[in-house]
Each structure stands twice: as C-alpha cells, then as structure tokens.
Amino acid sequence: MNVTPTPEQIPPAGPGLPAGPAYPGSPAAQGPAPGVLGNQGLRLLALLIDSALAIGVLFLVSLGAGLVVTFGGSSDNTPFYATVLVALALLFVYSPLWTARWGGTAGKLLCGLSVVRLADGRPLSYGAALGRHLAHLGMWVVPVLSLLDPLSCLWDGLRRCLHDKVVGSVVIRRRMRPAPAAAALRS
C-alpha cells in the first residue's frame with residue numbers, strides 16, 4: 001500500500017530534535033527523516049528517464065524537420081529552427097514547470113520522488129524550480145562542479161545535491177511503503 005505522507009506525518013530528522021512534525025516552522029527541525037528522503041539511485045534513474053525523454057523528443061522533432069527539408073522542397077534550413085525552439089522549451093519549461101506544478105519531472109514522478117522546499121515541505125514555486133534547474137545546468141558546464149553536484153548527495157545528511165542547496169529544496173519519496181513489521185502484522 002502506497003501513501004503520500006503529509007508534512008505533519010514526517011518524523012523529524014536527526015537525534016535530539018523535538019518530537020512532532022518535521023516542518024513545524026521552527027528552526028530546530030532540519031527537514032524530513034532519512035526514511036522519507038529520495039534514494040540516490042532513484043534520483044539517478046529519474047535523471048536517465050528525463051534525459052531519454054528529452055533526447056527522444058528532440059530526435060523526433062529533428063527527424064520531422066529533416067523530412068520537411070528533404071522531401072518538402074525547402075531551399076533553406078528554416079524547419080530546423082523548430083528543433084532549437086523545442087530544445088529551448090525543454091530547457092526552460094519542462095523541468096521547472098513540471099516541478100512547480102506536479103512536484104517533479106516525469107522521471108521523478110515515475111520513480112516516486114518529489115521535490116519540495118526544505119523549510120516546510122511545500123511545493124517549489126516556478127521561480128525556485130527554475131533557479132534549481134538553472135543551477136543544475138550551470139554546474140554541468142563547470143567541470144569540477146559537474147562532479148561535485150551529484151556526488152554531494154552522497155555525504156549530505158539530507159541527500160541534497162548542490163543545486164538543491166542553491167534554492168533550499170530536498171527530494172523526498174512520494175509513496176511510502178509500510179514498515180516490514182507493520183506489513184507482517186497485517187498478514
């Protein structure tokens with residue numbers, strides 16, 4: 001049985017934190033408990049799914065533009081500008097819009113992950129989602145940051161990559177599986 005936890009149902013992370021919700025609005029709470037955090041392997045799988053989707057869409061648009069130029073009798077390469085427009089739309093609309101609207105990209109949603117604000121567990125605004133995405137893209141351009149960005153979630157206690165830290169976001173699991181002991185009691 002899968003259920004999506006509300007911020008009130010998420011226990012606080014770390015030893016010594018007060019009992020109660022993970023996002024009570026007090027500075028003592030530092031986000032969700034480790035069991036709620038998104039798995040690094042699932043995050044990588046989500047990125048691979050999103051990359052495959054983007055490559056597939058760009059391939060189809062490029063193929064269509066190539067067919068128009070080849071068989072349509074077009075004397076210039078104007079149809080290929082559609083590929084550039086689709087690439088820009090994927091860059092600036094897909095990830096930020098999906099993250100702000102539905103909590104994550106198609107890859108994250110398929111992997112059961114969601115991006116939320118660390119401070120209170122609420123969804124990111126479009127501006128924050130765009131900032132997170134642009135930080136992610138910017139770090140891919142800088143060789144050292146392109147390695148440190150994904151690796152930082154391995155040693156960060158909240159499994160946040162550098163692009164998450166830029167906007168104060170955290171990736172959590174959307175669907176929670178019941179604990180093994182609870183599942184055994186039901187049987």
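Start by selecting Arg 159, which sits in the loop that joins helix H5 (143-155) to helix H6 (162-167). This is a predicted model, so keep that in mind as you click along. Look at the backbone here: the phi angle of Arg 159 is near 55°, a positive value in a residue that is not glycine. Arg 159 counts as partly exposed because its relative accessibility is 25%, between the 20% and 50% cut-offs.

Now step back into H5 and select Asp 149. The helix has a kink of about 35° at this residue, shortly before the proline Pro 150. Asp 149 is also one of the buried residues of H5, together with Ser 152 and Cys 153. Which helices should you display around them? The buried residues of H5 pack against helix H1 (40-71), helix H4 (126-141) and H6.

Move on to H6 and pick Asp 164, which is found in that helix. Is Asp 164 buried or exposed? Asp 164 counts as buried because its relative accessible area is 0%, under the 20% cut-off. Show its surroundings next: beyond its neighbours within four places in sequence, Asp 164 is in contact with Arg 43, Arg 132, Ser 169 and Val 171.

Next, go to H4 and select Tyr 126, which has its place in this helix. With 37% relative accessibility, Tyr 126 counts as partly exposed. Leaving out residues up to four places away in sequence, Tyr 126 touches Phe 92, Pro 96, Leu 97 and Ala 100. Try a distance label as well: from C-alpha to C-alpha, Tyr 126 and Arg 101 are 7.9 Å apart, although 25 residues separate them in sequence.

For the interior, select Ala 46, Cys 111, Leu 113, Val 115, Leu 124, Ala 128, Ala 129 and Val 171 together; these eight residues make up the largest nonpolar core. Colour strand E1 (113-117) and H4, the elements that give two or more residues to this core. Nonpolar side chains tend to be buried together in soluble globular proteins.

Zoom in on Val 115, a member of that core. Not counting residues up to four places away in sequence, Val 115 touches Thr 99, Gly 103, Lys 108, Leu 124, Arg 132, Ser 169, Val 170 and Val 171. Apart from the largest core lies another, of seven residues, including Leu 37, Leu 118, Val 170 and Ile 172. Select those four for your last stop.

Key:
Residues are numbered from 1 along each chain as its sequence is written. This is a predicted model: local features need pLDDT of at least 70, side-chain atom pairs count only at pLDDT 80 or more; totals for chains, interfaces and linings use all residues. Side-chain values use heavy atoms; hydrogens and water are left out. Helices (H or I, at least four residues) and strands (E, at least two) are DSSP runs, numbered from the N terminus. Buried means under 20% relative accessible area, exposed over 50%, partly exposed in between (1.4 Å probe, protein chains only). The bend at a residue is the angle between axes fitted to the seven residues ending there and the seven starting there. Contact means heavy atoms within 4.5 Å. A nonpolar core is a set of buried Ala, Val, Leu, Ile, Met, Phe, Trp, Tyr and Cys residues joined through side-chain atoms within 4.5 Å.
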